[in-house]
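Okay, thanks for coming, everyone. Let me put the model up and then talk you through it.

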2 protein chains.
Amino acid sequence: MEAKQSASMEDYLESILMLGEGKEAVRVSQMSKALRVKMPSVSSALAKLSQEGLVEHKRYGRVQLTPEGERVAEDVFHRHEALRHFLTEILNIDPETAAGDACKMEHTISPVTQQKLAKFVEFVNQPPEGPPKWLKIFHHYLRRAKLPEEYIARCLKED
Amino acid sequence: MEAKQSASMEDYLESILMLGEGKEAVRVSQMSKALRVKMPSVSSALAKLSQEGLVEHKRYGRVQLTPEGERVAEDVFHRHEALRHFLTEILNIDPETAAGDACKMEHTISPVTQQKLAKFVEFVNQPPEGPPKWLKIFHHYLRRAKLPEEYIARCLKED
DNA sequence: CAATAAAGTTAGACTTATCTAACAATTTAT
DNA sequence: ATAAATTGTTAGATAAGTCTAACTTTATTG
């Protein structure tokens, strides 16, 4: 029943979740700062989300997610996290760039991709004692643009 | 000096590149179909891109990229391809979903991420005789949600 | 070659999301 | 407790991108 939200609306919902860290209610001014938009933009977004039953907000009061709103916000957050982990842990991208990219991509990634991405990160962290050797070799490759002889040899043997 | 293009404008440019397959000029109606927008939307986009010197287009005529427009279109296309290859070859996502996701994400991915993603695909295809064993194991993991004993054993030995 | 069809454009409406300016409520501090 | 500062809202403007309807140009074809 929940109409699909726009990227903007997803951002507003997500920010309420993040700023409230789960349970606390949140101020319009906080959201305004966090999202780098002016307060009237927040007001207007909240009116809409309130209408749709995703947030609780009375004039001049604090903002809170409804259970339904929380569900949506958490979904956005999961997409964000799947992307961020992948970008930092596997592609070895610096945390700021990764967070920035995740923020933008989180709105367009499909459920399938989100899930597989999460699985991939899980897979990489699964082997006992952290990341597997091939990942270290990839990170070396990122720096040198060349594979170590030893890796090639091993791959050949495996096939 | 080229102003950064919006997602929409990037799509228009990319579609000219794709439909022209490099050299041929393209019709408004083709773009309209390919992008699933009505012709007036294409007209208006072309007016803007023409203004900015990215496309060549005279009334009722065919559409062509300028060298500068081609540069931008190819950049978008490279982002698209980096994403698509990653999604299909590594995450094992079906071609349609992958292409769809790539179309949406291509507009928000940063240059750093695009490059590292491409490197990753390159890395995976580098070992002689195609994809390395760990990738096959990941694909198995996607289906079974469990790592084969043998893989764990090998990782342990390596560390 | 004239009639019709197809392709393209123009004009104008609508939506979403943003902003500024002006006003109103609430909080803080004197 | 009242003045000042902060916080929030309302109203209205603007920009991007889409659409429909009406019109124009180009192409097709009998």
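I'll go through one helix and then the DNA contacts.

Quick housekeeping: this is a predicted model, where local features need pLDDT of at least 70 and side-chain atom pairs count only at pLDDT 80 or more, while totals for chains, interfaces and linings use all residues. Residues are numbered from 1 along each chain as its sequence is written, chains are lettered from A and ligands numbered from 1 in the order in which they are written, and side-chain values use heavy atoms, with hydrogens and water left out.

So, helix α1 of chain A, residues 7–20 (helices here are DSSP runs of H or I, at least four residues, and strands are runs of E, at least two, numbered from the N terminus). Its 14 residues should span 20 Å at 1.5 Å a residue, and the end C-alpha atoms are 20 Å apart, which agrees; the expected span is 1.5 Å times one less than the number of residues. Just after α1(A), A:Glu21 has a positive phi of about 40 degrees.

Now, DNA strand D. Which residues come nearest? Of the 20 around the strand, they're A:Ser29, A:Ser43, B:Ser6, B:Tyr12 and B:Ser41, where near means a heavy atom within 4 Å. Sugar and phosphate make up 79% of the strand D atoms that come within 4 Å of the protein.

Look at the phosphate oxygens of strand D: a polar side-chain atom of A:Ser43 sits 2.4 Å from one, B:Ser6 also places a polar side-chain atom 2.4 Å from one, and for A:Arg27 that distance is 2.9 Å. As for elements, α3(B) gives the largest share of the surface near strand D, with four residues.

Definitions and conventions:
Polar contact = N/O pair within 3.5 Å; in protein donor to acceptor, adjacent residues only side chain to side chain.
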